[in-house]
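Work through the exercises below with the model open. Try each task before reading its solution.

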Amino acid sequence: MLIKFQRTLLIAMLTLLAALVMPVSAVRASVEVEPLSTPELQARYQVLIEEMRCPKCQNQNLAGSDSMVATDLRREIRRLLEEGFSDQEINEYMVARYGDFVLYRPPLQRNTMALWLAPGIFAALGLLTLIVIVVRSRGGRGGRQNDESDELSVEEQQRLARLLNTGEQGGSKTND
């Protein structure tokens, strides 16, 4: 009976500990909700944090990241907005500190040319491949064969007969 009481007490203590720890982790993951001074600044802030990438998370924008770096960048964007910086000036400031990587849509430059042109090139190659496949299949050069080619020529029939005869002879020799 004492063992059952100790187990029950242990389970109760673990449950209480879990109940105390869960709210702390939920607070840690929350994003700041303090609004900016005007609704216009708040709207600009939302657009900016959606369009900028977290340098640590790499495939998350600042709005969706809960990393410390993203929190600092959001705070910095809020400060710049309140100080009267334009969206372009904020983008330039962030690019100067973190490079073009911080932008989800980097500008068209010599070093980002492949990022902008590759999707179009691959789409054109895929379309060209599809056209070639369709044209070949309609022209009879694809997977279809003519009815005339189903029959073996005289030479092919003789060769087949020789191969079958040697196979039967060879097979009967090994089975003897």
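**Exercise 1. A loop residue**

Is Ser86 buried, partly exposed or exposed? Place Ser86 in the chain as well.

*Solution.* The model is predicted. Start with the location: Ser86 is in the loop that runs between H3 and H4. Next, take the relative accessible area of Ser86, which is 32%. Buried requires under 20% and exposed requires over 50%. Ser86 is therefore partly exposed. Finally, look across to Arg44: the two residues are 42 apart in sequence, and their C-alpha atoms are 9.4 Å apart.

**Exercise 2. Confidence**

Determine which element has the lowest mean pLDDT and which the highest.

*Solution.* Begin with the whole protein: the mean pLDDT is 79, and 80% of residues reach 70 or more. Then go element by element. Helix H1, residues 2-28, comes lowest with a mean of 68. Helix H3, residues 68-82, comes highest with 91. Over residues 25-30 the pLDDT is below 50. Beyond near neighbours in sequence, that stretch has 3 contacts in the model.

**Exercise 3. Two cysteines**

Decide why Cys54 and Cys57 do not count as a disulfide, then classify the burial of each.

*Solution.* Find the cysteine sulfur nearest to that of Cys54: it belongs to Cys57, 3.4 Å away. The search from Cys57 leads back to Cys54, again at 3.4 Å. A disulfide needs the sulfur atoms within 2.5 Å, so this pair does not qualify. The protein's disulfide count is 0. Now burial. Cys54 has 0% relative accessibility and is buried. Cys57 has 28% and is partly exposed.

**Exercise 4. The nonpolar core**

Identify the residues that touch the most other members of the largest nonpolar core, and the helix that gives the most to this core.

*Solution.* The core holds 17 residues. Those touching the most other members are Met52, Leu62, Ile77, Leu81 and Ile90. Next, sort by element. H2 (39-51), H3 and H4 (87-98) each supply at least two residues. H3 gives the most, with 5. Now take Leu81 by itself. Leaving aside neighbours within four places in sequence, Leu81 contacts Leu36, Leu41, Arg44, Tyr45, Leu48, Asp87 and Ile90.

**Exercise 5. Rings**

How many aromatic pairs are there, and which charged end sits over the ring of Tyr45?

*Solution.* Count the ring pairs: there are 0. Then check for a charge over the Tyr45 ring. The charged end of Arg78 sits there, 5.2 Å from the ring centre.

Notes. Residues numbered from 1 in each chain as written. Predicted model: local features only at pLDDT ≥ 70, side-chain atom pairs only at ≥ 80, totals over all residues. Heavy atoms only, no water. pLDDT = per-residue confidence, 0-100. Helix = DSSP H or I, 4+ residues; strand = E, 2+ residues; numbered from the N terminus. Contact = heavy atoms within 4.5 Å. Buried < 20%, exposed > 50% of the residue type's maximum accessible area, 1.4 Å probe, protein only. Core = buried A, V, L, I, M, F, W, Y, C linked by side-chain atoms within 4.5 Å. Phe/Tyr/Trp six-rings, centres within 6.5 Å; stacked < 30°, edge-to-face > 60°. Lys NZ or Arg CZ within 6 Å of the ring centre and 35° of its normal.
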